[in-house]
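Colleague: I have not looked at this chain before. Could you walk me through it and tell me why each label is used?

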Amino acid sequence: MSTLYLHIGTPKTGTTTVQQFMTHNEEALKKQSAIYPALGKKEYLVNPERNGRWLSVKSESYNNKEVRKANFEYLGKLSKEYDTIVMSDEGLWNFGGYEDGFWEDILSDLSEYDIKLKVIVYLRRQDDYAYSHYAQQIQTSRRFKLTIDEYLKKIKSSKINYIDYDAYLAKVSAAIGKENIIVRPYEKEQFEGGNLIMDFLGCCNLKMTDDFITPDRSFNPSITDIIVEGKMYMNRVGLYTQLDIGISTWLFAIQDELKKEGKLKKRTGFTYNKRLSLLNKYAEGNANVARQYLGRQDGKLFLNEEISTADMPRKFLSIEIKDFYRRINKINENRSSYLFDPKDMKQILDEAYGLFVEERGLVARIKGRILRAKKRISK
């Protein structure tokens, strides 16, 4: 019987690195009777290496019964040639895994071809995951305009709370069985050999050999706080076109510049109290996940429980935001063909900067202090 290992995320747990590795090691995988089938379809802002994307409710193929049937038939053919089939898409965690009947339908389709299902999921500490995912949304989507506080409220009010790992996995296990879920904490200290790729291969019952070509860099890194802040205000002025797909590469280029200049400070937008609140809220659930899926009776899911004060958020100076926008404008001007018309770009950046000054600048902070002082006096 062939086994399908379906890697469902979570987002921001090295999924792009894993997908790139699996895509570019076809021959090495075949030597272990394994395959990472080329089922990824090119979609806007979606890497084609995400070969499980077609199962996501966000996929253009999701409601296409002919595509779904053809893909499962293809998996059926592969199951006669390979012992192990691997598919991956982090979007399945947020868009699919919580849908009623989602897992039952997959099991039904696979049963026609006598394919066993195993689900692999990497879990990141909730405070780290929430901010990293928030930054990713700001980075890649011109429509995402939420502040951090608004984002956290949205998570809590969603149909399924994506960072309540215990409740989410309980729903999945009810459909496919707890024994068919492979849970891995996203911490280097807990990876097999301290290596994400080696750890992932182990989850798929595969071994790291010299036949594999390992990536010399990580893919899809997180952006730092100053870039998140600046990009958020660009999103909020709402002057984007479909051409903004290139902006992400600009952000990474600016981050590299800041690093070389010694100006890069990796911080998050979560205060100590926000982090502590998140960790306390899900502590009991995390302990249950550790016991139920990892067999750890001590209930320890994450080894690193420290909340570092080194990456606490700070108040941004207007000059820092202005410098970020100057760098954005410079990249646009230096292109052989403008991604944005220079006049449109100037308007975007001027309005974004104006909105920042209005809401976060020195004057806004002084007004806030005065207002808080008046409230204390009135009490």
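Modeller: Gladly! Of the 379 residues of the chain, 50% count as buried. Please keep in mind that this is a predicted model. The chain holds 16 helices and 5 strands.

Colleague: What makes a residue such as Y122 count as buried or exposed?

Modeller: Buried means under 20% relative accessible area. Y122 has a relative accessible area of 1%, so Y122 is buried. F191, with a relative accessible area of 10%, is buried as well. R142 comes to 11%, so R142 also falls under the cut-off and is buried.

Colleague: Where does R142 lie?

Modeller: R142 sits in the loop between α6 and α7 (148-157). From C-alpha to C-alpha, R142 and K231 are 8.8 Å apart in space, while 89 residues separate them in sequence.

Colleague: Let us turn to the strands. How are the strands of the open sheet ordered?

Modeller: The 5 strands of the open sheet follow the order β2-β3-β1-β4-β5, and their pairing is parallel.

Colleague: Why are β2 and β5 called edge strands?

Modeller: Each of them pairs on one side only: β2 (34-35) and β5 are the edge strands. Two strands pair if there are at least two bridges between them. β2 and β3 have 2 bridges, in the parallel sense, with A34 standing opposite T84 in β3. β5 pairs with β4 over 5 bridges, also in the parallel sense, and Y122 has R184 in β5 as its bridge partner.

Colleague: How do you know that β1 pairs with β4 and with β3?

Modeller: Again we set the bridges against the cut-off of at least two. β1 is joined to β4 (residues 115-123) by 6 bridges, and these strands run parallel. Among the partners in β4, K116 belongs to T3 and K118 belongs to Y5. On to β3 (residues 84-88): 5 bridges join this strand to β1, again in parallel, and M87 in β3 stands opposite L6.

Colleague: What makes you say that β1 is mostly covered?

Modeller: In β1 (residues 2-7), 6 of its 6 residues are buried. In a regular strand the side chains alternate between the two faces of the sheet. In β1 both faces are covered, with S2, L4 and L6 buried on one side and T3, Y5 and H7 buried on the other.

Colleague: And why is β4 described as largely enclosed?

Modeller: Because 8 of the 9 residues of β4 are buried, β4 is largely enclosed by the rest of the structure. There is a helix to look at here too: α3 (residues 65-79) lies across β1, β2, β3 and β4, running at about 145° to β3.

Colleague: How many aromatic pairs are there in the whole structure?

Modeller: A search of the whole structure gives 14 aromatic pairs. One of them is formed by Y122 and F191, whose ring centres are 6.3 Å apart and whose planes are at 75°.

Colleague: Why is the pair of Y122 and F191 called edge-to-face?

Modeller: Rings pair if their centres lie within 6.5 Å, and planes over 60 degrees apart count as edge-to-face. At 6.3 Å and 75°, Y122 and F191 meet both conditions, so the pair is edge-to-face. This pair links distant parts of the chain, 69 residues apart: Y122 is in strand β4, and F191 is in the loop between β5 (181-185) and α9 (196-203).

Colleague: Which residues form one aromatic cluster?

Modeller: That cluster is made up of Y131, Y134, F144, Y151 and F270.

Colleague: One more label, please. Why are α6 and α12 called oblique to each other?

Modeller: Two packed helices are described by the angle between their axes and the distance between the axes. For α6 (residues 126-140) and α12 (residues 272-281), the axes come within 8 Å and cross at roughly 120°. Roughly perpendicular covers 65 to 115 degrees, and roughly antiparallel starts over 145. The crossing angle falls in neither range, and therefore α6 and α12 are oblique to each other.

Colleague: Which residues make the contact of α6 and α12?

Modeller: Q126, D127, D128 and A130 come from α6, while R275, L278 and L279 come from α12. By kind, the contact of α6 with α12 divides into 3 nonpolar, 1 polar and 3 charged residues.

Note on methods: Residues are numbered from 1 along each chain as its sequence is written. This is a predicted model: local features need pLDDT of at least 70, side-chain atom pairs count only at pLDDT 80 or more; totals for chains, interfaces and linings use all residues. Side-chain values use heavy atoms; hydrogens and water are left out. Buried means under 20% relative accessible area, exposed over 50%, partly exposed in between (1.4 Å probe, protein chains only). Helices (H or I, at least four residues) and strands (E, at least two) are DSSP runs, numbered from the N terminus. Rings of Phe, Tyr and Trp (its six-membered ring) pair if their centres lie within 6.5 Å; planes under 30 degrees apart count as stacked, over 60 as edge-to-face and the rest as tilted. Axes are lines fitted to C-alpha atoms, for helices over the stretch in contact, and angles run from 0 to 180 degrees between N-to-C directions. Angles under 35 degrees count as roughly parallel, over 145 as roughly antiparallel, 65 to 115 as roughly perpendicular and the rest as oblique. Contact means heavy atoms within 4.5 Å. Ala, Val, Leu, Ile, Met, Phe, Trp, Tyr, Cys and Pro count as nonpolar, Asp, Glu, Lys and Arg as charged, and the others, Gly among them, as polar.
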